[in-house]
Every structure is written in C-alpha cells, then in structure tokens.
Amino acid sequence: MRIGSSLPIGLTHRLAGLGCGLLLTAASFAHGGGVADYRHHNMEAIGGHMEAVVDILKQKVPHQAHMALHANAIADLAGIADTLFVEGSQGGGALPAIWEQPEAFAERLQAFQDAAAGFRQAAKAGGDIGAAVQALGQACKGCHDDFVEE
Ligand code: HEC
C-alpha cells in the first residue's frame, strides 16, 4: 500500500465530490427544488413534534415534562412557516392554490401561528393543553384541506 501517494488522491477526489454536491445544491435551489425540499423537511418536523405531543397526551409515554419543548418547537416552526412558500417554489405536496389565493393562504398561516402560540402558552402556564392541541390540529387541517395534495 502506498499511503504517501494514495492519500492526496483520495482527498482530491473527496474535495471534487464536495464541489459537485455544492454545485448540484445551488442548481436545485435555482429551480426551486431545494426550497420545496426544505419546506417539506420543516413540515415533517412539525408533524413529528405533533405526533410526539399526541403520544404524551395519550399517555403512551410518561413524558409530560417534554410537552413545553414540543410546544415551543411547533410555535418556533410556525413562526418561520411564512418564509417557506417563496414564489416559484411550487412542488412537493404544495398545491398551486397557495400562490393563486395568497390572501386565503395567509389567513391559514396566521391561524396556525395563533394556535401554535396558544399551545405554547398553555404548555408553559399549565393551561388546558388538550383544548389547545385540538385547536392547533384544526389549524393544521384548515390549511391542509385546501392547500396540500391528498
Ligand atoms: C398554512 C398551511 C399549513 C398549515 C397551517 C400546516 N401545514 Fe402541513 N403542510 C402544508 C403544505 C403546503 C405541505 C406540503 C409541503 C411540501 O410537500 O412541500 C404540508 C406538509 C405537511 C406534512 C408532510 C406530509 C404531507 O402531508 O405532505 C406534514 C407531516 C404536515 N404538513 C403536518 C402538519 C401539522 C402537524 C400541522 C399543524 C401543527 C401543519 N402541517 C400545518 C401546509 C400547512
């Protein structure tokens, strides 16, 4: 094995690979693909927190103490949701109606942010968490019914 000569070559290849990856990323960003993927990943994160919340509410796990963490995460993610629907980022499960009816869509986003803030507050202050989560679920559904592909 000629470590002396194989190492630099391996490194060169890796750097070339890295460069390629960055170029690909830049290209898909320019076509909206990266933005749509990023939106989807954020939505999946919201979905994951929501499922964890339901697990706790159903007492599948004894992690009542995690409730505020999930509520905070959902409220934080709701806070950036309006930045995820850039013009030209159509794709994934996002229906064209999002960009065709921007006012109706903005209302659903606002309802989501309000409900997420309500849940955050309930989890923090020991309010009615069940009711807050139900309201939040309605806000998810309110948007998904009209703006997300089945
Ligand atoms: C204002 C609109 C809106 C609200 C409110 C909203 N979503 Fe979504 N959601 C979307 C859109 C649009 C997509 C599709 C995104 C994509 O694929 O690019 C999506 C996708 C998802 C996905 C990925 C799987 C799928 O159905 O495509 C999950 C999981 C999800 N949302 C969960 C939630 C949960 C849980 C809530 C509430 C806590 C919520 N969403 C609130 C618009 C919304």
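This is a chat about a predicted model, its helix packing and the shell around its ligand.

Biologist: Before anything else, what does the protein chain average in pLDDT?

Modeller: The model is predicted, and its protein chain averages a pLDDT of 86, with 79% of the residues scoring at least 70.

Biologist: And where does pLDDT stay under 50?

Modeller: One such stretch is residues 1–16, for which the model has zero contacts beyond four places in sequence. Another is residues 26–30, where pLDDT also stays under 50 and the model has four contacts beyond four places in sequence.

Biologist: OK, on to the helices. At what angle do helix 5 and helix 6 pack?

Modeller: Helix 5, which covers residues 102–125, packs with helix 6, residues 129–147, at an angle of about 165°, and their axes are 9 Å apart. With angles over 145 degrees counted as roughly antiparallel, the two helices are therefore roughly antiparallel to each other. Helix 5 passes helix 6 in a left-handed crossing.

Biologist: Which residues meet there?

Modeller: From helix 5 they include Phe105, Arg108, Phe112 and Phe119, and on the helix 6 side they include Ile129, Val133, Leu136, Cys143 and Phe147. By class, the residues of this contact between helix 5 and helix 6 divide into 16 nonpolar, two polar and one charged.

Biologist: What about helix 3 and helix 5, how far apart are their axes?

Modeller: The axes of helix 3, residues 67–80, and helix 5 are 8 Å apart, and the angle between the two helices is about 155°. That makes helix 3 and helix 5 roughly antiparallel to each other as well, and their crossing is left-handed.

Biologist: Which side chains should I look up for that one, and how do they divide by class?

Modeller: Among the residues of helix 3 in the contact are Met67, Asn72 and Ile74, while those of helix 5 include Phe112, Gln113, Phe119, Arg120 and Lys124. The residues of the contact of helix 3 with helix 5 divide into eleven nonpolar, three polar and two charged.

Biologist: Switching to the ligand, which residues come nearest?

Modeller: There are 22 residues around the ligand, of which Gly47, Gly92, Phe112, Cys140 and Cys143 come nearest. Phe112 has also come up in the contact of helix 5 with helix 6 and in that of helix 3 with helix 5.

Biologist: Which element gives the largest share of that shell?

Modeller: Helix 2 does, with eight residues. The elements that give two or more residues to the shell are helix 2, which spans 33–57, helix 5 and helix 6.

Biologist: And how does the shell divide by class?

Modeller: The shell around the ligand has 14 nonpolar, five polar and three charged residues.

How values were computed. Residues numbered from 1 in each chain as written. Predicted model: local features only at pLDDT ≥ 70, side-chain atom pairs only at ≥ 80, totals over all residues. Axes fitted to C-alpha atoms, helices over the stretch in contact; angles between N-to-C directions. Helix = DSSP H or I, 4+ residues; strand = E, 2+ residues; numbered from the N terminus. Parallel < 35°, antiparallel > 145°, perpendicular 65-115°, else oblique. Left-handed = near helix turned anticlockwise from the far one by under 90°. Contact = placed C-beta atoms within 7 Å. Nonpolar A, V, L, I, M, F, W, Y, C, P; charged D, E, K, R; others polar. Near = placed C-beta within 6 Å. pLDDT = per-residue confidence, 0-100.
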